[in-house]
Every structure is written in C-alpha cells, then in structure tokens.
Amino acid sequence: MRVATWNVNSLNARMPRFVAWLKEAEPDVVCIQETKLKQDAFPYLELELLGYESAHFGQGQWNGVAVISKVGLKDPIMGIEGGRPESEEARAITVDCNGVGIMSIYVPNGRAVDSDHYRYKLRWLASLRRHLDEHFKPTDKLIVAGDFNIAPEDKDVWSPEALLGSTHVSEPEREALRELKGWGLVDSFRHFYDQDGLYTWWDHRGGAFHKRQGLRIDYLLVTEPLETLLNWALVDRNARKGERPSDHAPVIIDFSMP
DNA sequence: ATGGTAGAGGATCTA
C-alpha cells in the first residue's frame with residue numbers, strides 16, 4: 001500500500017500536474033492539503049475516473065484538506081473538534097482506508113512567534129492529540145500525514161541561523177510535535193534517512209528551491225504496527241520542478257499489508 | 001536593503 005501527502009497550494013491551480021503525478025507515482029492513497037476549494041467544488045468525478053474515491057473537508061479561499069483512495073474509503077470525520085466542523089477551519093479530515101486510519105492535516109502556520117496565530121497553532125496541536133485519544137489507539141494502524149508547519153530538528157532546515165526566532169523551528173512548536181509523537185507515532189521518513197539537507201518545502205520567493213533553501217515540514221507519522229511494515233519512503237523533488245509547481249513536494253511511503 | 005512569488009479574488013490576505 002502506497003500512501004502520499006502533498007500540500008498542493010490550490011488543487012484548482014495544480015490539477016493538471018496533480019493528475020499527471022497520480023499516473024506516475026501510482027499512490028493508493030493521497031492526503032491533500034490546501035485544496036482552497038469549497039466543499040462541493042472538489043473534483044470528485046475527475047478523480048473517480050482515475051479510480052479514486054474522495055473525502056473532502058473544504059472551506060473555500062483558504063485551507064481545505066482531503067483524502068483520495070483506490071483501496072476503499074469510509075467513515076469520514078471532518079475536523080478535530082468533536083463533530084462541529086462548521087465552527088472550525090478546514091484543517092483535518094480522518095478516514096478509514098482498507099483498515100488503516102488515515103488523517104490529512106494542515107497545521108496552522110503560526111505566522112510569528114508569540115502571535116495570536118502562533119498560540120492557535122499550539123492549541124490546535126493539543127486538540128489533534130485529543131482527537132487521536134478519542135478515535136484511535138497506538139496499537140491501531142494509523143497514519144497522520146500532512147503539512148505540519150514544524151521542522152522537527154535543526155537538520156530539517158537549510159540554515160538554523162537564518163531561521164532563528166522564526167516559527168516552524170521554535171522550541172514550543174517542536175515540543176508540541178514531540179508530545180504528539182509521544183502518543184505513539186514515528187516519522188516514517190526518518191525511519192529510513194538520518195541525514196540533513198532533505199526538505200519538502202521551498203519558498204516560491206527568491207529562487208529558494210534552486211538555492212536548496214528548504215524545510216522538512218511535511219511528513220507521514222505512523223503507529224508502530226505500520227512502522228514494522230514499511231518498505232521505503234521518499235520526497236518527490238521532481239514535483240517541485242518545472243511549470244507552476246506547488247511550493248511543497250509530495251512525500252510517499254510504501255508498506256506491505258499482511 | 002523587510003526584498004521576493006504564488007494563489008484567491010477582485011483590495012488585500014495568506015503563506
């Protein structure tokens with residue numbers, strides 16, 4: 001089973017590349033972030049023709065998360081606030097794909113350390129952990145995938161010095177991520193790779209991609225029963241090249257289902 | 001030197 005996560009930064013703008021990438025990467029499940037689409041504007045039919053069922057938690061101008069699956073998709077839960085999705089931003093959706101719990105999440109950016117939005121980011125991460133407690137056990141097969149907007153360690157950023165005092169690298173954010181992992185999740189990419197210089201996001205501005213100035217802020221956290229089944233993981237940097245790329249590259253994992 | 005680009009939407013806001 002092959003599961004990917006990709007912040008597409010507008011599915012409308014990315015659809016031509018997204019469809020081409022599906023045919024090339026052949027994922028069974030994709031966790032999408034930043035669809036920037038209203039609930040009913042999701043391209044359900046076009047993706048169905050490619051063999052995917054879809055569940056979308058849309059908002060419109062901003063945010064929006066979805067899961068698409070070739071291996072079954074049921075029991076969607078919109079949001080993490082306990083059944084009142086109309087009162088929260090469209091940043092999380094939970095589904096079951098072939099007996100594997102799948103979450104597509106888009107963690108708030110944080111904007112500036114100690115801002116209201118930064119405090120919202122930390123609260124949101126605490127809510128996510130409560131959502132896990134409510135719906136899953138660490139012994140379940142579960143993948144929490146998406147744009148976390150946190151670089152876990154200094155080796156996940158191109159220059160810790162340049163980013164000193166910024167969001168994405170602050171200690172409270174990293175501590176909140178460790179708390180989440182402490183529930184019973186491991187970073188599937190780090191299961192295979194230990195080195196620095198491996199990123200998933202590069203700013204559109206200033207030619208950051210070509211200067212290798214990136215951050216690793218997109219990942220797939222998995223429970224132990226899935227970690228033992230992992231075959232490989234990669235960042236698809238090719239998707240960040242060429243015409244009209246998202247500022248994020250997809251991350252893909254592959255594991256053997258018993 | 002607080003720059004630069006992309007997307008949504010139709011002036012700025014978000015990232």
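Before we start, one definition: helices and strands here are DSSP runs, with at least four residues for a helix and at least two for a strand, numbered from the N terminus. That numbering gives us our first stop, glutamate 26, which sits in the loop between α1 (11-25) and β2 (29-33). Please keep in mind that we are looking at a predicted model.

So what is special about the backbone at glutamate 26? Its phi is positive, about 50°, although the residue is not a glycine. Arginine 111 is another case: its phi is near 60°, again a positive value in a residue other than glycine. You will find arginine 111 in the loop between β7 (100-106) and α3. Is arginine 111 buried or exposed? It counts as exposed, because its relative accessibility is 62% and the cut-off for exposed is over 50%.

Now let's step back and look at the whole chain. Chain A has five helices and 14 strands. Along its principal axes, the C-alpha trace spans about 45 × 40 × 40 Å. How does its radius of gyration fit with a compact globule? For 258 residues, such a globule would have a value near 18 Å, and chain A has 17 Å, so the two agree.

Of those 258 residues, 55% count as buried. The chain also brings distant stretches of sequence together: among contacts with a separation of 6 or more, 70% are between residues 24 or more positions apart. On the outside, chain A exposes about 11300 Å², and carbon and sulfur atoms supply 48% of that area. As for charge, there are 31 positive and 39 negative side chains, and the centres of these two sets lie 4 Å apart.

Next, the aromatic rings. How many aromatic pairs does a search of the whole structure find? The search finds eight. Let me show you one of them: phenylalanine 148 and tyrosine 219 are stacked, at 4.4 Å centre to centre with 20° between the planes. This pair links distant parts of the chain, since its members are 71 residues apart. Phenylalanine 148 belongs to the loop between β8 (142-147) and α4 (171-182), while tyrosine 219 belongs to strand β12 (residues 218-222). Both phenylalanine 148 and tyrosine 219 are buried. Elsewhere on your screen, look for Trp6, Phe18 and Trp21, which form one aromatic cluster.

Stay with that stacked pair for a moment and find leucine 177, in helix α4. Which residues does leucine 177 touch, leaving out those up to four places away in sequence? They are Phe148, Ile150, Pro152, Tyr219 and Leu221, and two of these names, Phe148 and Tyr219, you have just met as the stacked pair. Leucine 177 counts as buried because its relative accessible area is 1%, and the cut-off for buried is under 20%. For a sense of distance, leucine 177 and leucine 47 are 33 Å apart, C-alpha to C-alpha, and 130 residues apart in sequence.

My last stop is histidine 131, in helix α3 (residues 116-135). With a relative accessible area of 2%, histidine 131 is buried too. Setting aside neighbours within four places in sequence, histidine 131 is in contact with Ile77, Gly79, Ile80, Thr94 and Met103. Glutamine 195, in contrast, has its C-alpha atom 32 Å from that of histidine 131, with their positions 64 residues apart along the chain.

That's my tour, and thank you for listening!

Conventions. Residues are numbered from 1 along each chain as its sequence is written. Chains are lettered from A and ligands numbered from 1 in the order in which they are written. This is a predicted model: local features need pLDDT of at least 70, side-chain atom pairs count only at pLDDT 80 or more; totals for chains, interfaces and linings use all residues. Side-chain values use heavy atoms; hydrogens and water are left out. The radius of gyration is taken over C-alpha atoms; the globule rule is 2.2 Å times the number of residues to the power 0.38. Buried means under 20% relative accessible area, exposed over 50%, partly exposed in between (1.4 Å probe, protein chains only). Contact means heavy atoms within 4.5 Å. Accessible areas come from the Shrake-Rupley method with a 1.4 Å probe; for residues, only the protein chains shown count as cover. Lys and Arg count as positive and Asp and Glu as negative; His and the chain ends are not counted. The place of a charge is taken as NZ of Lys, CZ of Arg, CG of Asp or CD of Glu. Rings of Phe, Tyr and Trp (its six-membered ring) pair if their centres lie within 6.5 Å; planes under 30 degrees apart count as stacked, over 60 as edge-to-face and the rest as tilted.
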